[in-house]
2 protein chains.
Amino acid sequence: MEGGVDYLIDERKKAQFDVEAMKVAWAGSRQAFELSDRIAKLVANDPIFEKFSRPMLGRKELFKNSLRKVAHAWKLIIDLRLSEEEAKLLRHYIDEPAYTDLQWEMFIPAIEGQGTEEQKRKWLPLARKMQVIGSYAQTELGHGSNVQGLETTATFDPQTDEFVIHSPTLTSSKWWPGGTAKVSTHAIVYARLILDGQFHGVHGFIVQLRNLENHTPLPGITVGDIGMKFGNGAYNTMDNGVIRFNHVHIPRNQMLMRVSQVTREGKFVQSDVPRQLLYGTMVYVRQKIVADASKALSRAVCIATRYSAVRRQFGSRNGGPEIQVIDYKTQQSRLFPLLASAYAFRFVGEWLKWLYTDVKQRLEANDFSTLPEAHACTAGLKSLTTSATADGIEECRKLCGGHGYLVSSGIPELFATYVPACTFEGDNVVMMLQVARFLVKTVSELGYKQPVGTTAYMRRVTALMQSNCAVRTAEEWLNPGVVVEAFEARSTRMAVACGQRLAKFENPEEGFAELSADLVEASLAHCQVIVVSKFVEKLQQEIPGKGVKRLLEVLFYVYALFLLHKHQGDFLATGYLTPKQASLANDQLRILYSKVRPNAIALVDSFNHTDHLLSSILGRYDGNVYPKLYEAAFNDPFNDSDIADGIHQYVQPMLRQELHSAKL
Amino acid sequence: MEGGVDYLIDERKKAQFDVEAMKVAWAGSRQAFELSDRIAKLVANDPIFEKFSRPMLGRKELFKNSLRKVAHAWKLIIDLRLSEEEAKLLRHYIDEPAYTDLQWEMFIPAIEGQGTEEQKRKWLPLARKMQVIGSYAQTELGHGSNVQGLETTATFDPQTDEFVIHSPTLTSSKWWPGGTAKVSTHAIVYARLILDGQFHGVHGFIVQLRNLENHTPLPGITVGDIGMKFGNGAYNTMDNGVIRFNHVHIPRNQMLMRVSQVTREGKFVQSDVPRQLLYGTMVYVRQKIVADASKALSRAVCIATRYSAVRRQFGSRNGGPEIQVIDYKTQQSRLFPLLASAYAFRFVGEWLKWLYTDVKQRLEANDFSTLPEAHACTAGLKSLTTSATADGIEECRKLCGGHGYLVSSGIPELFATYVPACTFEGDNVVMMLQVARFLVKTVSELGYKQPVGTTAYMRRVTALMQSNCAVRTAEEWLNPGVVVEAFEARSTRMAVACGQRLAKFENPEEGFAELSADLVEASLAHCQVIVVSKFVEKLQQEIPGKGVKRLLEVLFYVYALFLLHKHQGDFLATGYLTPKQASLANDQLRILYSKVRPNAIALVDSFNHTDHLLSSILGRYDGNVYPKLYEAAFNDPFNDSDIADGIHQYVQPMLRQELHSAKL
């Protein structure tokens with residue numbers, strides 16, 4: 001609460017649960033809540049981190065402002081002796097893509113994961129003190145997802161004991177790496193290792209890009225910014241770069257050599273470190289993406305929900321106020337499933353954190369048995385949550401009506417900043433195809449191999465294929481077991497059907513390609529089983545606070561029954577549900593919406609987002625929307641003068657019919 | 001074709017139809033094609049209309065640049081003596097929202113439709129010569145769709161024979177009207193007419209906003225820009241405004257008085273001009289929106305299709321090139337339905353043009369019988385096409401992978417400029433609810449009243465409710481009658497089911513509100529019948545050119561069977577299709593994709609978009625993507641210097657560990 005009159009107080013009074021307890025449930029623990037709350041407020045109260053005016057700045061000014069924030073944040077981190085966890089939260093709440101994201105999320109973890117002990121000793125202290133600033137240069141102008149197709153070369157020169165990093169073609173130019181255009185002094189560059197004319201796979205190399213004294217690019221290195229990206233401020237605070245290498249020499253010990261080495265003699269040696277260790281990082285990165293999805297979606301939902309309570313349209317009776325748009329069923333049927341999704345993604349993200357710890361422990365014990373399943377499951381959840389979040393943010397914008405189109409609504413910037421999540425770290429469709437490969441394999445082995453982890457439900461394949469849903473009333477849908485079983489049956493049946501159709505192809509790869517669109521649908525069905533099941537598991541835990549668990553149960557049913565309605569084609573086509581049962585689920589959904597309604601504002605308050613983080617006039621905590629919109633308009637620098645630049649030159653001659661003699 | 005090497009020539013050679021003839025089919029006629037082609041090239045070849053650098057400009061610079069373009073365009077219109085139709089096309093191809101849109105699409109038509117003969121004689125010549133610049137001020141800060149809820153007042157003062165225009169509250173401030181913030185000299189202001197303390201409905205008033213000599217706002221008028229909107233350049237070339245009136249006096253004869261008048265004595269008089277005449281304008285505006293949807297979608301599809309042929313990922317065999325992404329079924333299953341949708345929307349838009357002429361003729365003959373149906377049908381098609389287009393543009397962006405996120409891909413700007421279409425001229429959900437009201441009425445009257453126009457198919461309600469689909473093979477889906485019948489049966493059954501459920505409510509309005517989400521789904525099903533049927537009607541006409549009709553047939557089936565798959569839940573739930581039949585349709589869809597594949601590039605070439613209009617490096621006609629992306633990056637002003645502003649101040653002190661003493 002940020003002081004002043006609370007225009008949403010009546011809404012807040014309607015809540016049927018303990019909001020403070022729900023905040024803890026959302027955060028994961030009281031400790032996590034207090035930590036986030038403290039750091040969020042630290043950022044919100046510091047005027048240097050102001051971000052509302054960001055979209056009005058030109059690119060250079062925007063970038064400079066962002067560099068200033070990063071420096072200020074680093075000063076705070078040192079002065080306040082913040083822990084690594086606190087520093088990470090600080091960067092999160094500053095909410096502005098910057099080169100430090102690369103430093104802490106990519107450069108340092110890559111060295112930790114792929115560097116030798118010696119390399120770690122040398123580079124990690126430099127990076128952790130910001131004495132070097134590193135980025136991560138994998139993607140090329142002509143190559144995205146397919147790492148094995150990268151063209152950049154690293155050729156060993158035995159005479160000088162160096163690698164020669166080179167961009168042999170235009171399309172081999174590194175393209176996208178954040179931070180590199182203007183800031184990074186170093187980068188981990190992925191390149192094809194060439195020893196004595198032989199290709200030995202793609203590896204990472206630490207390459208210095210800039211002179212540490214005067215910041216100019218080193219000889220042989222051409223570097224620049226790749227240009228404006230979607231949105232006003234958005235990701236344009238980041239200097240995504242293009243890098244071209246012209247025979248740049250680096251010492252041999254700057255190849256990351258934990259897994260493979262090149263000896264002084266130029267021999268390629270594979271160490272006994274299992275390559276699978278690298279997959280641990282992938283699980284880590286993806287669980288973070290899922291956690292971020294719930295955060296981003298919750299922001300959009302918070303804005304749209306609050307504004308839907310403020311905004312009134314139509315239906316005035318006897319000259320009274322119009323109806324709050326949140327009371328319209330069409331609004332509820334679009335908004336509340338997204339509210340429920342934010343919670344669902346939050347809980348599945350929490351579970352993924354546990355999965356990462358589990359995978360790490362097993363890897364350390366040389367147990368790789370769960371890795372394929374963890375790999376598929378995290379790929380699928382990355383895809384499901386980021387696609388739903390990107391679409392959900394845009395839906396929330398539309399749910400704000402015309403005003404959602406204003407940058408001051410906060411949603412356009414959120415959308416533009418968020419959407420890359422659908423393509424980075426693995427395109428979402430490619431991810432779902434990875435899930436499909438795993439599913440098809442799982443199904444084909446059902447006869448002799450027990451499926452594990454999130455596919456364990458397929459052990460009950462016979463039952464799931466044969467018995468159909470028994471629901472006879474709308475009320476009977478309010479049973480977690482019934483709901484989960486429906487999702488499991490649909491997923492199993494779709495996966496088995498895909499397996500059967502694939503078996504008809506002589507060439508399995510051709511079959512996989514031909515049926516890929518259907519395989520993606522089957523994968524999505526499986527991933528929805530995971531989200532739904534993990535929500536149920538959460539509900540089986542103790543959740544303190546008056547009414548908290550009850551509301552989460554309502555949200556669970558909203559999430560699941562909304563999906564069931566959306567994908568009713570699958571449920572009907574697989575024969576698990578009858579049209580009548582699907583229709584009963586939809587009836588129940590409407591009842592659930594009325595249960596959410598009085599709690600809607602309190603449910604978005606429970607995200608504990610500061611007004612700074614939301615950066616949205618429509619989503620203000622106090623609901624004081626219209627006066628603040630009006631005020632913001634007149635504070636826009638474009639309104640400095642009543643007569644805009646260009647009026648005298650280009651408009652007045654037209655009005656005076658003197659355009660023919662005007663100089664344009 | 002813009003000269004130089006054509007990197008897509010092999011793709012163009014694969015086409016199995018006459019591209020030039022398809023261009024004519026797309027344009028509607030040879031004459032229409034030649035006209036558009038001539039004006040498009042006129043714009044493309046004029047350096048003043050360059051728009052590629054737009055996203056890099058600050059707001060003021062962007063706006064000034066836009067004023068310059070408008071003045072230059074007006075000069076061209078006069079110098080080249082362009083007809084009104086040519087001038088309209090010129091503005092379309094300049095592709096930049098500006099105050100002239102309001103002048104020609106809103107201000108002038110409103111006076112033509114709602115003004116008396118005397119008002120037309122006075123104001124139209126002034127406006128047509130640009131001696132006054134008018135906008136259209138309806139929406140208020142607190143009021144969008146609900147015109148009857150507007151708060152601005154126009155109180156007649158019999159002493160001075162004037163109206164007093166006033167904004168009694170903050171929320172009554174006019175908000176959004178384009179052109180008003182900085183340019184418009186006049187506006188048609190919608191306000192509550194008050195005569196002797198009595199409210200007499202909402203009417204339009206011509207209000208002068210600015211002094212014609214020095215362009216300053218007149219006394220009592222506070223005006224400003226409402227701030228940045230979504231996107232970089234996008235709609236920010238338009239000065240959408242806020243206006244607040246403080247007792248502004250205007251002459252009585254500036255109320256638009258064709259339908260209602262206020263006499264010198266302050267009496268309210270209703271003329272015998274039927275109010276329905278005003279609805280003609282609504283049909284006109286909506287048919288234009290549908291036509292624009294097909295144009296916008298075709299641009300995004302053109303970019304994504306060309307880049308999908310250029311871009312290669314994975315699947316290299318024996319060191320050969322990787323596979324073109326357009327060859328992946330997952331890509332085809334997302335891209336080709338959008339390609340087909342662009343054609344479908346084009347043809348339904350063409351039909352709507354005819355409908356508008358028909359409605360106009362009937363109105364002139366005082367025949368209002370078809371008006372409710374035309375009203376519902378245009379509302380529904382506006383909603384269907386704009387929603388699908390907005391989603392489709394974003395999907396095309398994703399289909400371009402990471403590079404789609406660059407503004408230089410052209411898609412972010414297209415998306416940001418396009419999305420308001422989903423909320424303006426009636427929010428898309430509100431539109432669908434209007435369709436629903438009409439459908440429910442139609443269904444309830446089926447016993448005694450013949451449905452007309454696009455609902456005529458419901459005359460066969462008994463057959464459509466009873467007989468189910470007879471398809472037994474995938475091949476049998478290739479029958480327009482079979483396809484249309486499926487859509488008609490699904491729509492009829494959904495509408496009838498809604499009617500039955502509504503009948504159970506005691507209060508019909510409550511029932512309508514409660515079931516509104518389902519009613520929206522039934523409305524969509526009905527609108528899809530219209531699009532599918534109009535595509536079939538197009539195919540029944542003569543379409544010259546080798547292979548042209550055959551390819552359009554393929555696109556028809558892609559469009560229809562894709563929808564059938566997407567909404568298979570409806571088709572199965574209504575019992576019209578069996579799961580087997582739905583699955584056969586999906587099998588046929590995959591076969592159709594392979595028929596589209598060799599023609600894909602030629603099908604997007606047939607839109608005849610210039611590189612100027614696309615403003616996209618990924619969608620270049622010649623496919624020379626990567627060198628041009630590289631070139632554009634280094635032409636970006638942000639790359640003027642290797643050392644960005646802020647590096648010395650905020651980055652170097654950090655690297656040198658001297659941050660503690662730096663001034664931030």
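How many residue pairs are in polar contact across the interface of chain A and chain B? In this predicted model, the count comes to 46 pairs, with both residues at pLDDT 80 or more. On chain A's half of that interface, helix α4 (residues 59-79) of chain A supplies the largest share, eleven residues. Sorted by type, the residues of chain A that touch chain B come out as 60 nonpolar, 40 polar and 34 charged.

Charged side chains also pair up across the interface, where twelve salt bridges turn up. One of them links Lys398(A) to Asp391(B), with 3.6 Å from N to O.

As for the contact as a whole, chain A puts in 134 residues and chain B puts in 134 residues. Together the two chains bury about 11,400 Å², and carbon and sulfur atoms account for 63% of that. On the chain A side, the residues that lose the most area to chain B are Phe230(A), Tyr405(A) and Phe638(A), which together make up 8% of what that side buries.

Chain A also has an open, antiparallel sheet of three strands, running in the order β4-β8-β7. Because β4 (174-175) and β7 (221-225) of chain A each have a single partner strand, they sit at the edges, and one side of each has no neighbour in the sheet. Between β7(A) and the antiparallel strand β8 (residues 241-245) of chain A there are five bridges, and Gly224(A) lies opposite Val242(A) in β8(A). Chain B comes in here too: its helix α22 (residues 625-635) packs on the sheet and touches β4, β7 and β8 of chain A. The direction of helix α22 of chain B makes about 75° with that of β7(A).

Note on methods. Residues numbered from 1 in each chain as written. Chains lettered and ligands numbered in written order. Predicted model: local features only at pLDDT ≥ 70, side-chain atom pairs only at ≥ 80, totals over all residues. Heavy atoms only, no water. Contact = heavy atoms within 4.5 Å. Buried area = accessible area lost by both parts, 1.4 Å probe. Salt bridge = Lys/Arg side-chain N within 4 Å of Asp/Glu carboxyl O. Polar contact = N/O pair within 3.5 Å; in protein donor to acceptor, adjacent residues only side chain to side chain. Helix = DSSP H or I, 4+ residues; strand = E, 2+ residues; numbered from the N terminus. Nonpolar A, V, L, I, M, F, W, Y, C, P; charged D, E, K, R; others polar. Pairing = 2+ DSSP bridges. Axes fitted to C-alpha atoms, helices over the stretch in contact; angles between N-to-C directions.
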